[in-house]
Amino acid sequence: MTASFLILASLTLAGACAAMAFRGLVHCALALVVAFAGLGALYLSLGAQFLGLAQWLVYVGAVAVLIVFAILLTHGADTGLPALSAPPLRITGILVAVAIFAILSWAIFHSSAIRPAGLPVSQPTVRQLGAVLMGSYILPLEVIGLMLTAALIGAVIVAMKEKQGAE
Amino acid sequence: MTPLAECLLISSMLFAVGLAGALTRRNAILVLVGIELMLNAANLNFVAFWRFGPHSEALTGMVFVLFSIAVAAAEAAVGLALILAVYRHAGTTDLSRLAGNGDSTYSVFTIGVFPETTLSAGVPPKNDCT
């Protein structure tokens, strides 16, 4: 484990924990930005440059801003309510998460599918990725484009203000 | 520990954090944030398996993560729009109050109608969705 990987991983995990633990919603959104940016840097350190930059563009640039807008539009920053659920639900949720983490780490350490790392791969260029996307993955790409358009229109329609008295 | 196992361990930690947040937070927006964190943990798994697995020249993991990012962006947009619509109807994004086991009489089943009619009339509201 290299030092940069360790630093990036701990940054990502700390951001994620802070995003789930902070009380103020705007603070949560800022911690979420840290987690997303750290994850993008992890992608970069794993050799997936395009994915790291796409992660920064989409998550830090778009999703985080969307979440901040939603927080401000719902006046979520100034509620005096407790941040977490009632104690039985809270303890159950944390126990479920810990149990799932234990099961996953047990599986990771006992799996026969995880062999020692093979040969280091050459870093793929964006040209290669584009050729793959435009070649064998052309149909999923079109479907994704259609789905994004449909999601955009659907989000606008769902969030549109209803006219008063419109039956 | 191999590098792949390290990546998978970090990804499972991220998944557990997101799951704990989605299960324990009361605000609907933060539940959505927890789901986003879980999606990102899955993406990290894809990248790790692409990087350290066989046939990395096929770029399958990278392409899958690209599609997954697109789906997650669409999910965030639609989810936040739904939360905004619920907030406009019920006046809160607090899930405990929406579910009706908090200190309020709002219920997910009465979001579609005006909640005060259920309070004043005391009878089940007519469902005039037609």
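**Exercise 1. A nonpolar surface patch in chain A**

Task: In this predicted model, determine which residues make the nonpolar surface patch of about 510 Å², and establish whether A:Leu152 is buried or exposed.

Solution:
1. The patch is formed by A:Leu152, A:Ile153, A:Val156, A:Ile157 and A:Met160.
2. Locate A:Leu152 in the secondary structure: this residue belongs to helix α6 of chain A, residues 138-159.
3. Apply the criterion that exposed means over 50% relative accessible area. A:Leu152 has a relative accessibility of 56% and therefore counts as exposed.

**Exercise 2. Helix α4 of chain A**

Task: State what span is expected for helix α4 (residues 87-110) of chain A at 1.5 Å a residue, and identify which element its buried residues pack against.

Solution:
1. The helix has 24 residues.
2. The expected span is 1.5 Å times one less than the number of residues. For α4 of chain A the expected value is 34 Å, and the distance from the first C-alpha to the last is close to this, at 34 Å.
3. The buried residues of this helix are A:Gly93, A:Ala97, A:Ser105 and A:Ile108.
4. These buried residues of α4 in chain A pack against α1 (3-24) of chain B.

**Exercise 3. The overall make-up of chain B**

Task: Describe the secondary structure of chain B, and state what percentage of its 130 residues is buried.

Solution:
1. Chain B contains 5 helices and 0 strands, giving the pattern α-α-α-α-α along the sequence.
2. Of the 130 residues in chain B, 58% are buried.
3. The accessible surface of the chain is about 5700 Å², with 67% of it belonging to carbon and sulfur atoms.
4. Consider the contacts in chain B between residues at least 6 apart in sequence: 48% of them join residues at least 24 apart.

**Exercise 4. Two loop residues of chain B**

Task: For B:Asp94, find which side chain its own side chain contacts; for B:Leu59, find whether phi is positive or negative.

Solution:
1. B:Asp94 is situated in the loop between α3 (60-90) and α4 (95-99) of chain B.
2. Buried means under 20% relative accessible area. With a value of 5%, B:Asp94 is therefore buried.
3. The side chain of B:Asp94 makes a polar contact, at 3.1 Å, with the side chain of B:Arg26.
4. B:Leu59 lies in the loop between α2 (28-52) and α3 of chain B. Its relative accessible area is 2%, so B:Leu59 is also buried.
5. Phi of B:Leu59 is near 60°, a positive value in a residue other than glycine. Most residues other than glycine have a negative phi.

Conventions: Residues numbered from 1 in each chain as written. Chains lettered and ligands numbered in written order. Predicted model: local features only at pLDDT ≥ 70, side-chain atom pairs only at ≥ 80, totals over all residues. Heavy atoms only, no water. Patch = residues over 30% accessible without salt bridge, like charges linked within 9 Å, V, L, I, M, F, W, Y side chains within 5 Å. Areas by Shrake-Rupley, 256 points an atom, 1.4 Å probe, with all protein chains shown as cover. Salt bridge = Lys/Arg side-chain N within 4 Å of Asp/Glu carboxyl O. Helix = DSSP H or I, 4+ residues; strand = E, 2+ residues; numbered from the N terminus. Buried < 20%, exposed > 50% of the residue type's maximum accessible area, 1.4 Å probe, protein only. Contact = heavy atoms within 4.5 Å. Polar contact = N/O pair within 3.5 Å; in protein donor to acceptor, adjacent residues only side chain to side chain.
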